[in-house]
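Q: Please take a close look at one part of this model for me. I'd like the side-chain contacts, with the cut-offs behind each call.

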Amino acid sequence: MNINATLLGQTVAFMIFVWFCMKYVWPPLMNAIEERQKRIADGLAHADRAAKDLELAQAKATEQLKEAKATANEIIESANKRKSQIVEEAKAEADAERAKIIAQGKAEIEAERNRVKEELRKQVAALALAGAEKILERSIDEAAHSDIVAKLVAEI
């Protein structure tokens with residue numbers, strides 16, 4: 001019975017040890033394990049949320065980049081249109097100025113031609129009078145015969 005008593009004593013001691021562990025050691029151990037599981041689960045949830053936030057931020061950044069590129073293209077297109085418009089306006093102004101200068105030049109040429117014609121008429125009239133005077137061998141009074149001279153100038 002000595003072995004049985006020892007065995008019984010060991011069993012009781014083991015039971016007390018198990019009870020003691022269950023009462024005082026096991027709950028803090030389980031709390032620590034549960035706390036760690038909770039922190040791991042929270043960390044994983046935060047990681048998932050951060051990954052989703054990153055994905056959303058990347059999508060938003062991509063969308064904003066597309067919008068910025070579209071806006072930049074619109075601005076460039078608008079600037080090119082404005083450039084073309086300015087060039088066309090400058091061409092139109094240059095054409096108008098050229099036409100004005102040409103018209104002015106033609107008017108000056110016409111005025112000079114008329115002045116030269118008038119000068120030539122006067123010289124021809126003077127030569128005609130001088131020739132007629134020689135032919136008639138007498139002097140012609142220009143004041144007295146101004147109507148004849150004017151008629152002669154008009155005919156020339």
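A: First, some vocabulary: with a 1.4 Å probe and protein chains only, a residue is buried under 20% relative accessible area, exposed over 50%, and partly exposed in between. Keep in mind that this is a predicted model, so local features need pLDDT of at least 70 and side-chain atom pairs count only at pLDDT 80 or more, while totals for chains, interfaces and linings use all residues. Residues are numbered from 1 along each chain as its sequence is written, and side-chain values use heavy atoms, with hydrogens and water left out.

Let's start with residues 6-26, which an unreviewed UniProt entry marks as "transmembrane region"; UniProt positions follow the numbering used here, feature names are shortened, and annotations may be inferred rather than shown by experiment. That stretch is 100% helix and 0% strand, and its end C-alpha atoms sit 27 Å apart (helices are DSSP runs of H or I, at least four residues; strands are runs of E, at least two; both are numbered from the N terminus).

Now the rings. Phe, Tyr and Trp rings (the six-membered one for Trp) pair if their centres lie within 6.5 Å; planes under 30 degrees apart are stacked, over 60 edge-to-face, and the rest tilted. That rule gives two aromatic pairs. Trp19 and Tyr24 have ring centres 6.4 Å apart and planes at 90°, so they're edge-to-face. Phe20 and Tyr24 have centres 5.3 Å apart and planes at 45°, which makes that pair tilted. Together, Trp19, Phe20 and Tyr24 form one aromatic cluster. Phe20 and Tyr24 are four residues apart in helix α1 (residues 2-136), about one turn of the helix. Both are partly exposed: Tyr24 has a relative accessible area of 48%, and Phe20 has 42%.

On to the charges. A salt bridge here means a Lys or Arg side-chain nitrogen within 4 Å of an Asp or Glu carboxyl oxygen, and the count is five. One of them joins Asp95 to Arg98, with the closest N and O atoms 3.4 Å apart. These two are three residues apart in helix α1, so about one helical turn separates them. Asp95 is partly exposed at 41%, and so is Arg98 at 49%. Glu110 and Arg113 form another, at 3.0 Å, again three residues apart in helix α1. Glu118 also bridges to Arg121, at 3.7 Å from N to O; Glu118 is partly exposed at 33%, as is Arg121 at 27%.
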